[in-house]
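Open the model in your viewer and keep the selection tool at hand. This tour goes from stop to stop, saying what to pick and what is there.

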Amino acid sequence: MKALILVGGEGTRLRPLTYERPKPMLPIAAVPFVERTLRRLHDVGCEEVVLSACYRSEAFDRLTEHTAPRVRIVVEEEPLGTGGAIRYATEAAGGFDGTFFVLNGDVLTDVDLAMVLERHRDTGAEATIVLTPVEDPSRFGVVPTDPAGRVIRFIEKPPRDEAPTNMINAGTYVCEQAMLEGIPAGVCSVERDVFPRMAESGVLYGCPGESYWLDFGTLPTYLQANIDCLEGRLHEPLPGIRRSVGGGHVWMDETAQLAADVDVVGNVVMSSGSVVESGARIGPSGVLGPKSHIGTGAVVSETVLLDAAVVERDARVHRAIVGDRGCVCAGRRLPADSVVPPDQSI
Ligand code: GTP
């Protein structure tokens, strides 16, 4: 079975983090989002995954070394939108037969893909959309269904008081080849053009995911996705070797260095080459990216440090993201919800 992941968007809402890397390559609890997704697709029997890329497509190149599943990258010269990208990438990859998955590259979920596939086969749908409930559906595609699960209408981003249900498009689809024939060549949106038309024809079904779900496409939700992963809200393991330290737990790469007297609270992940120096306090919920560094006496909680980010001695950081090679200078107290842009010192 094949799958396609849409990874071509610019991720404008996640700037400045996405100036350098595309959103799907940002790590969630130290594992790039796309790699998490490849693992899930492999678990459900996918042998080949096509990445439909555009913005900063070179960032995905190293994934072609993957063998289980095999990874192919198809790059659009100009963004074709979510629908145009599905048509273009499936054709450029030599065609998709039968049933396949399509996943958005910015939705963190542990939805049971095997369950969705089974439901899809039971109904004989041309496509099945995973649905998830949200408090405010106005930022999403709202998907009312009949008792059999058939999608009655597909309404992209309705005003809050006009949404007929709070079940929204969760960005995970099971599709049949027949759906591809209904996508016009060129630029088109699966949410605005393809799904509304399929709903009218009665060939589109919805399947409640009943699982963890978060669109990590904004700075606050990106941080939340990391915290949720660390807190065990997804059924996914953390990377590294688990060590209990004081009252907390650290998942450490074997090359990470943690000084003996560091106070660890809750759950923390330390990637390759990361260092926490003596007298620091980390956690709850800290992610140290590769080669990141926390200095003596620093206090860091609910924070993500990306590659080679630094929190210098005695600095205090709570609920923040420090971009690649960013630095919180010695003794600084960062206001909550701060983002240190890549290569900048604050
Ligand atoms: P924002 O600019 O912050 O809205 O993010 P985005 O455009 O990256 O994401 P959006 O939520 O609009 O897109 C949903 C998914 O589709 C993401 O995984 C994007 O990477 C992907 N995507 C969006 N537009 C395109 C496109 O034109 N081509 C391809 N290949 N993928 C796309």
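**Stop 1: the second largest pocket**

This is a predicted model. Start by selecting strand S3 (31–32), strand S15 (248–252) and strand S18 (267–270). Each of them supplies at least two residues of the lining of the second largest pocket. Now add Ala30, Val31, Pro32, Ser271 and Pro290. Of the 20 residues that line this pocket, those lie nearest its centre. The volume of the second largest pocket is about 310 Å³. Colour its lining by class and you get 12 nonpolar, four polar and four charged residues.

**Stop 2: the ligand**

Next, select the ligand and show its surroundings. Which residues are the closest to the ligand? They are Leu6, Thr12, Glu76, Gly81 and Gly105, out of 19 residues that surround the ligand. By class, this shell has five nonpolar, nine polar and five charged residues. Pick helix H2 (residues 81–92) as well. With three residues, H2 gives the most to the shell around the ligand.

Now check some distances to oxygen atoms of the ligand:

- Arginine 13: a polar side-chain atom lies 2.8 Å from a ligand oxygen atom.
- Glycine 81: a polar backbone atom is 2.8 Å from an oxygen atom of the ligand.
- Glycine 105: a backbone N or O atom lies 2.7 Å from an oxygen atom of the ligand.

How much of the ligand does the protein bury? Taken alone, the ligand exposes 610 Å², and the protein buries 82% of that.

**Stop 3: the largest pocket**

Hide the ligand, but stay in place. The space taken by the ligand is the largest pocket. Its volume is about 880 Å³. The pocket is lined by 37 residues, and Arg13, Thr82, Asn104, Asp106 and Glu191 are the closest to its centre. Arg13 is already on your screen, with a polar side-chain atom 2.8 Å from a ligand oxygen atom.

Now select by element. H2, strand S11 (167–176), helix H5 (190–201) and strand S13 (213–215) each supply at least two residues of the lining of the largest pocket. Which element gives the most to this lining? S11 does, with four residues. By class, the lining has 13 nonpolar, 13 polar and 11 charged residues.

**Stop 4: the cavity**

Keep S11 selected. Add helix H1 (33–43), strand S6 (99–104) and strand S7 (107–109). These three and S11 each supply at least two residues of the lining of the largest cavity. H1 gives the most, with three residues. About 60 Å³ of space lies in this cavity. The count of cavities of 30 Å³ or more comes to one.

Show the side chains of the lining, including Phe33, Thr37, Arg40, Leu103 and Asn104. Asn104 is also among the residues closest to the centre of the largest pocket. The cavity lining divides into five nonpolar, five polar and one charged residue.

**Stop 5: backbone details in the loops**

Finish with the backbone.

- Select alanine 68 and proline 69: a cis peptide bond joins them, with omega about 5 degrees. Proline 69 is found in the loop between strand S4 (48–53) and strand S5 (70–75).
- Select glycine 283 and proline 284: a cis peptide bond joins this pair too, with omega about 0 degrees. Proline 284 lies in the loop between strand S20 (281–282) and strand S21 (286–288).
- Select glutamate 210: its phi is near 45 degrees, a positive value in a residue other than glycine. Glutamate 210 lies in the loop between strand S12 (204–208) and S13.

Technical notes:
Residues numbered from 1 in each chain as written. Predicted model: local features only at pLDDT ≥ 70, side-chain atom pairs only at ≥ 80, totals over all residues. Heavy atoms only, no water. Near = heavy atom within 4 Å. Polar contact = N/O pair within 3.5 Å; in protein donor to acceptor, adjacent residues only side chain to side chain. Areas by Shrake-Rupley, 256 points an atom, 1.4 Å probe, with all protein chains shown as cover. 1 Å grid on protein atoms, 1.4 Å probe; cavity = no way out; pocket = protein on both sides within 12 Å on 5 of 7 lines; lining within 4 Å. Sits in = over half its atoms within 2 Å of the grid points. Nonpolar A, V, L, I, M, F, W, Y, C, P; charged D, E, K, R; others polar. Points joined across faces, edges and corners; volume = space filled by probe spheres on them.
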